[in-house]
Amino acid sequence: MDATFMSAKALSAFLDEQIKIKAEEVIHQLNENPDQVIIKRKVFIGKRDKKSVMEVIFGYKGRLYFHAASDGKVEVLAIGTKNTQARELEYLAKL
């Protein structure tokens with residue numbers, strides 16, 4: 001993968017100090033060695049054109065959702081925790 005981009009929603013969650021350090025490790029790994037990132041599950045989003053988004057678990061309760069763009073870059077769509085997972089999935093469903 002060439003580079004990693006973050007949506008505004010993911011960036012706002014990333015600024016939370018409790019999430020930042022662990023999420024930073026996953027984002028770095030996505031950028032440098034995406035094959036080594038352990039994907040928990042694939043989430044299908046979108047109403048018309050189903051797109052697949054990967055869910056990665058980090059830390060104790062962290063969740064990171066990303067997809068590979070057509071140009072080969074990784075786009076981090078949402079970052080949250082187990083407690084905010086329903087909100088993150090709701091947000092992804094609206095994309």
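1. Let's start with one residue and work outwards. Leaving aside its neighbours within four places in sequence, Glu88 touches Lys9, Tyr65, Ala78, Ile79 and Gly80. Keep in mind as you look that this is a predicted model. Glu88 sits in helix H3, which covers residues 85-93. Is Glu88 buried or exposed? Its relative accessibility is 5%, so Glu88 counts as buried; the cut-off for that word is under 20%.

2. One of those partners, Ile79, is a good next stop. Again leaving aside neighbours within four places in sequence, Ile79 is in contact with Met6, Ala10, Ala13, Phe14, Ile19, Ala23, Ile27, Phe58, Arg63, Leu64 and Glu88. Try finding each of these in the structure above. You will meet Glu88 from point 1 again in that list.

3. Now step back to the group that Ile79 belongs to. The largest nonpolar core has 17 residues, and those that touch the most other members are Leu30, Phe58, Leu64, Phe66 and Ile79. Which elements each supply at least two residues of this core? They are helix H1 (8-14), helix H2 (17-32), strand S3 (51-58), strand S4 (62-68) and strand S5 (74-81). The largest share comes from H2, with five residues. Apart from this core lies another, of seven residues, including Val43, Ile45, Ala78 and Leu92. As background, nonpolar side chains tend to be buried together in soluble globular proteins.

4. Helix H2 also has residues that face the outside. Gln18 lies in this helix, and Gln18 is exposed, with a relative accessible area of 74%. Ile21 has its place in H2 as well. Is Ile21 buried or exposed? With a relative accessible area of 53%, Ile21 is exposed, since the word applies over 50%.

5. Distances along the chain and through space are worth setting side by side. Gln18 and Gly59 are 41 residues apart in sequence, and their C-alpha atoms are 9.9 Å apart in space. For Ile21 and Asn31, the separation is ten residues in sequence and 16 Å from C-alpha to C-alpha. Take a moment to locate both pairs in the model.

6. Loops deserve a look too. Thr84 lies in the loop between S5 and H3. Thr84 has a relative accessible area of 16%, so this residue is buried. From Thr84 to Gly62 there are 22 residues in sequence and 9.4 Å in space, C-alpha to C-alpha.

7. With those details in hand, the overall fold is easier to read. How many helices and strands does the protein have? There are three helices and five strands, and from the N terminus on they run β-α-α-β-β-β-β-α. Among contacts with a separation of 6 or more, 45% join residues 24 or more positions apart.

8. What about the overall size? The C-alpha atoms fill a box of roughly 35 × 30 × 25 Å along the principal axes. A compact globule of 95 residues would have a radius of gyration near 12 Å, and the protein has 12 Å, so the two agree.

9. Finally, the surface and the charges. Of the 95 residues, 35% count as buried. The protein exposes about 6200 Å², and carbon and sulfur atoms supply 50% of that area. There are 16 positive and 13 negative charges, and the mean positions of the two sets are 9 Å apart.

How values were computed. Residues are numbered from 1 along each chain as its sequence is written. This is a predicted model: local features need pLDDT of at least 70, side-chain atom pairs count only at pLDDT 80 or more; totals for chains, interfaces and linings use all residues. Side-chain values use heavy atoms; hydrogens and water are left out. Helices (H or I, at least four residues) and strands (E, at least two) are DSSP runs, numbered from the N terminus. The radius of gyration is taken over C-alpha atoms; the globule rule is 2.2 Å times the number of residues to the power 0.38. Buried means under 20% relative accessible area, exposed over 50%, partly exposed in between (1.4 Å probe, protein chains only). Contact means heavy atoms within 4.5 Å. Accessible areas come from the Shrake-Rupley method with a 1.4 Å probe; for residues, only the protein chains shown count as cover. Lys and Arg count as positive and Asp and Glu as negative; His and the chain ends are not counted. The place of a charge is taken as NZ of Lys, CZ of Arg, CG of Asp or CD of Glu. A nonpolar core is a set of buried Ala, Val, Leu, Ile, Met, Phe, Trp, Tyr and Cys residues joined through side-chain atoms within 4.5 Å.
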